[in-house]
Every structure is written in structure tokens, then in C-alpha cells.
Amino acid sequence: MVAQKQKIKIEGHKLMYHATEVSKWLKGEVVAPIYVEIGLVNSCNHKCVFCALDYLKNKGKMIDKDVLISNLKDMAQFGVKSIMFGGEGEPLLHPHLFEIIEKAKESGLDLAITTNGVLLTEEKIKKILKHLSWIKLSIDAGTNEGYKKIHGCREEDFPTVLKNIDFACKYRKENDLNCKIGCQFLLISENINEIEALILKIKDLGVDYLVLKPYSQHPSSINRLKLNLYQHDSRLANLSAKYSTDHFQVIYRNISAEEVEKEELDYKQCYGINFFCLMDALGNIIPCNLFYEKEEYTYGNINQKKFREIWNSDQRKAVLNKIYKEGCVNCRKGCRLNFMNKYLDVVVNKNIEHINFI
């Protein structure tokens, strides 16, 4: 019997699989974040119409290679388990990407990259794919013209991305690499009719999945896009059912879509920031992507202190207390920490009926 590929888990969270860390935190101990997102550069080769960070002013910077590598080792020893290179720019623009990834893997960290994929050349694929747990390509249209419009780039970038995906999938298969290769399609009114065209172009390339992700408004973004997913819900679900196979999933994030449409959050505090953080291209450690370029919410900077020292610092405690006091009224709907916060809210407050009847 041929074993089916394991289904990709996108919705929800995985914090319940880190019970030791949660237990220590509940006792008042400081625990290392399980997952850290690192912005290697804060510039991009595309200008996507939906970019959540289109308001940022401090562009054209990149993180220092040696400082980062030193801190990656410190982070791994401290207890950080995984790193995703993405952040406020295109990570493949960093000139020392190969060395950073190689050293991070040697430190024992699980690694991933989110990229638009245009710069994912054969050379890069051969050097980095073997070190990654997964790579996800943002590809938000299904035609050359649509891609140019949505991504704010050259029309020829779209076939380049498809060619790069094709090579990456073939190279992975030929070398028996254990790296998931996925694509993500952010759902907005400008591209909603191009989903099937994209599916038809990538489904036979060897890609593991395509995520259909609802747009979530960043409070500081200049763009103000909107799509009523309830009007498209059945069609999106049908596309998922029609094209998903044992080897290729179309994952419509309908649960997250419902969360984005809610009037208010189901919790008052963001406890998830105790297990997660961002590092920007200047080396600043911040709680989440609401706080780019907001000095008063910065835990510290790796150019001045090691990551472990920053995480254990009084400054981080002060920022946490500030965020707790303010609550989640200004938070982004359906954010990365949403499902984690639902779980932690119950764990902390036990605000669920008959909680002991498991």
C-alpha cells in the first residue's frame, strides 16, 4: 500500500505541542520564544498593492551578517526552535543569505523562508533548499497581466516564478530533500477571479499546497482593501475540493476568514507574544508586526545586546506590561497569534464551561 502524503496544517496553532514551555510560563518563568520571524532586509523587488507594511519609512537597510549569525547561535542555545526569514522585505535580496542559513542550521534551528520567488535562482535552490523545513512563495495572480498589476512588478516576473518553482520541485525530488514547497494567494477583489488560472499552472509542478489566505487590514497600512469573502465562500470551498488530491492541497482558510470578519476578538490580552517575536532588518526585537518603527515597543537591539539578554531584560518586561495594559482593541483581526491567543486565554482564565470534563 502506498502511503498518502501527510496533510499540511495551516489553520489553528501548534502551541499545545509545547506543553513544557507553556507550563513554565504559567508558573511565571521566562521562556524563549518558540518561533521567531527575521527580516533580513527592509526593501523589496516588488510593490504589492496589498503590502501591510507599505507605510514604513526606513527602507534600504539590511541586517549585519556577523551579528545575526552570532545571535542565531545564542537563540538556539537559549531555546528558540524555529526561524522564518521574511519580515518587512524580500529575504533573497540579502547578499549573505547562504551563509546565514547554513550557520543557522548548524546551530540546530528549524528554518523556513517566505519569498515572492523571483530571485529564487537555480543556484539559490541548490544551496538553501536542503536546509529548509519549508519555503512558501507569495504568488497572488494567475496571469502575467494580473501578476504585474497585483505585485507591482515586471510582467515577465510571473513566468520566472513559475520556472523557479518547477526547478525547485524537480531538484527536491531528484535529491530526496525533506522541504515542503508551497504557494500563498492573498484574497482581494483585484485577484479573486484568477485563482483557478494559478491552480492550473502550478498543480502539476510538484508543489505541496496552495493557501488561499483572507486579507487582514493592518491598522497602519496605507492601502485599504476589502473583500467580502462570504460572497465567494462556496466557490472557494469548491475550488479546494475540486483540485485537492493526495499530492496537492488547495487550502482555503475559511476559519481565518471568519475571524477577520468578527466585530471583536474573543480575548482581551495577547499572551502569544511570550512565545513569538519579530526581528527587523535593523536588528530590533519587537512583539509583532504592529510595532515596526515604534521605538517605545522595542525590546532591544541585537547590535547592542545578545538576544537572550534582550528577552530576559527589564525593558522587555516593561513593553509587555504596556501591551497588556492597552489590551487588544487596536490589534489586527485574524493575526498570526490569533488562535494561539484563544488557547492561552482559556489556559490562563479557564473561561470555558466544564473545563475538567475532557
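I first looked up how helix 7 and helix 8 are placed, and found that they are roughly parallel to each other, because angles under 35 degrees count as such (over 145 is roughly antiparallel, 65 to 115 roughly perpendicular, and the rest oblique). This is a predicted model, in which local features need pLDDT of at least 70 and side-chain atom pairs count only at pLDDT 80 or more, while totals for chains, interfaces and linings use all residues. Residues are numbered from 1 along each chain as its sequence is written, and side-chain values use heavy atoms, with hydrogens and water left out.

**Helix 7 and helix 8**

I noted helix 7 as residues 195-202 and helix 8 as residues 233-243 (helices are DSSP runs of H or I, at least four residues; strands are runs of E, at least two; both are numbered from the N terminus). Their packing angle is about 15° and their axes lie 11 Å apart (lines fitted to C-alpha atoms over the stretch in contact; angles run from 0 to 180 degrees between N-to-C directions). From helix 7, I listed Ile 195, Glu 196, Ile 199 and Leu 200, which meet Leu 236, Leu 239, Lys 242 and Tyr 243 of helix 8 (contact: heavy atoms within 4.5 Å). I counted six nonpolar, no polar and two charged residues in this contact (nonpolar: Ala, Val, Leu, Ile, Met, Phe, Trp, Tyr, Cys, Pro; charged: Asp, Glu, Lys, Arg; polar: the others, Gly among them).

**Helix 12 and its partners**

I next took helix 12 (residues 338-349) with helix 9 (residues 254-261), whose axes come within 11 Å and cross at roughly 80°. Helix 9 and helix 12 are therefore roughly perpendicular to each other. Here Ile 255, Ser 256 and Glu 259 of helix 9 meet Asn 338, Phe 339 and Lys 342 of helix 12. The residues of this contact divide into two nonpolar, two polar and two charged.

I then turned to helix 1 (residues 19-26), whose axis comes within 12 Å of that of helix 12, with a crossing of roughly 50°. The pair is therefore oblique. In helix 1, Val 22, Trp 25 and Leu 26 meet Leu 344, Val 347 and Val 348 of helix 12. I recorded six nonpolar residues in this contact, with no polar and no charged ones.

**Leu 177**

I located Leu 177 in the loop between helix 6 (157-174) and strand 5 (180-187). Setting aside residues up to four places away in sequence, I found that Leu 177 touches Leu 129, Lys 130, Tyr 171 and Arg 172. I also looked up Asp 314, which is 137 residues from Leu 177 along the chain; their C-alpha atoms are separated by 43 Å.
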